[in-house]
Amino acid sequence: MYKTKQRIIPWILAFALLLVHIPSTAYADWTQSLYEEKKEEYIARGVKHEHLLRLTDKGWLNLHVLRMDLDEESNSLDVLIHPQGLSTKGKLSELVKSNPNVVGAINGDFFSLSSAATLGPIVEDGKLISSPYHLPEKMATFNISSDGTPFITNWSHAQLQLINR
């Protein structure tokens, strides 16, 4: 009987170790939230600013979110370009001040440090304003579909179809 136990115990331990290493099928946030503050304010009709301050197991997150009701007639999304052209550098806050209709703005692109060139593509009203500078298939872009649905994806030339109506 003692020899039987000696043969069975290693198999039980091996099976237990195998179970420990089986990946879990449960999904969770990439961080565990330990503390959170949330402030919400409507800054225009159908436009809400949310400020989230969250302490996670990975550190602090300080998030600003703009939510816009695109069905609201007075709301629209647009590209904000420097009045003197793409090659002119300017702070987002200065561009916003120069346009009284802007309610909220998000700096949604990366720029070359050696020039003011945008690294991502810019398309406005179906016209290509600026093509991607480097590795477009690896840079996420903010897009609006022809039916007005906003989405974020990598920009692939093979899938690109610009239509100016």
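**Notes on a predicted model: sheet, pairs and surface**

1. Let us start with one residue: Trp60 counts as exposed, because its relative accessibility is 52%. The scale behind that word is simple: buried means under 20% relative accessible area, exposed means over 50%, and partly exposed lies in between (1.4 Å probe, protein chains only). By this scale, 15% of the 165 residues of the protein chain count as buried.

2. A word on what you are looking at. This is a predicted model, in which local features need pLDDT of at least 70 and side-chain atom pairs count only at pLDDT 80 or more, while totals for chains, interfaces and linings use all residues. Residues are numbered from 1 along each chain as its sequence is written, and side-chain values use heavy atoms, with hydrogens and water left out.

3. Now for the overall layout. The protein chain has 2 helices and 7 strands, and along the sequence they follow the pattern α-β-β-β-α-β-β-β-β. Here helices (H or I, at least four residues) and strands (E, at least two) are DSSP runs, numbered from the N terminus.

4. Which strands form the open sheet, and in what order? There are 3 strands in it, in the order S1-S2-S3, and the pairing is antiparallel. S1 and S3 stand at the edges with a single partner strand each, so one side of each is left without a neighbour in the sheet. On average, neighbouring strands of this sheet are turned by 15° against each other, direction ignored. For that angle, axes are lines fitted to C-alpha atoms (for helices over the stretch in contact), and angles run from 0 to 180 degrees between N-to-C directions.

5. Let us look at the pairing itself. Strands of a sheet pair through backbone hydrogen bonds, either parallel or antiparallel. Two strands count as paired if DSSP finds at least two bridges between them. S1 and S2 run antiparallel and are joined by 10 bridges; strand S2 (residues 47-56) also pairs with S3 in the antiparallel sense, over 10 bridges. Glu50 is a handy residue to follow: in S2, Glu50 is the bridge partner of Glu40, and in S3 the bridge partner of Glu50 is Val65. The hairpin of S1 and S2 has 2 residues between the strands, and Gly46 there takes a positive phi near 75°.

6. Back to Trp60, this time with a partner. A pair of aromatic rings is described by the distance of the centres and the angle of the planes. Rings of Phe, Tyr and Trp (its six-membered ring) pair if their centres lie within 6.5 Å; planes under 30 degrees apart count as stacked, over 60 as edge-to-face and the rest as tilted. The count by this rule is 1 aromatic pair. Tyr35 and Trp60 form that pair, which is edge-to-face, with 6.3 Å centre to centre and 75° between the planes. The two rings link distant parts of the chain, since Tyr35 is in strand S1 (residues 33-44) and Trp60 in strand S3, 25 residues apart. Tyr35 counts as partly exposed because its relative accessibility is 38%.

7. Next come the charged side chains. Side chains of opposite charge can pair when their charged atoms come close. A salt bridge here is a side-chain nitrogen of Lys or Arg within 4 Å of a carboxyl oxygen of Asp or Glu, and the count by this rule is 6 salt bridges. In one of them, Arg54 meets Glu36, with the closest N and O atoms 2.7 Å apart. Arg54 lies in strand S2 and Glu36 in strand S1, so this pair ties together parts that are 18 residues apart in sequence. Arg54 is partly exposed at 22% relative accessibility, and Glu36 is partly exposed at 38%.

8. Some of these charges form a group. Lys38, Glu40, Lys48, Glu50 and Arg67 are linked in a network of salt bridges. Glu40 forms a salt bridge with Lys38, the closest N and O atoms being 3.3 Å apart, and another with Lys48 (3.8 Å, N to O). Is Lys48 buried or exposed? Lys48 is buried, because its relative accessible area is 16%, whereas Glu40 is partly exposed at 48% relative accessibility and Lys38 is partly exposed at 47%.

9. Finally, Gly104 sits in the loop between H2 and strand S4 (122-124). The C-alpha atoms of Gly104 and Lys48 are separated by 9.7 Å, and the two residues are 56 residues apart along the chain.
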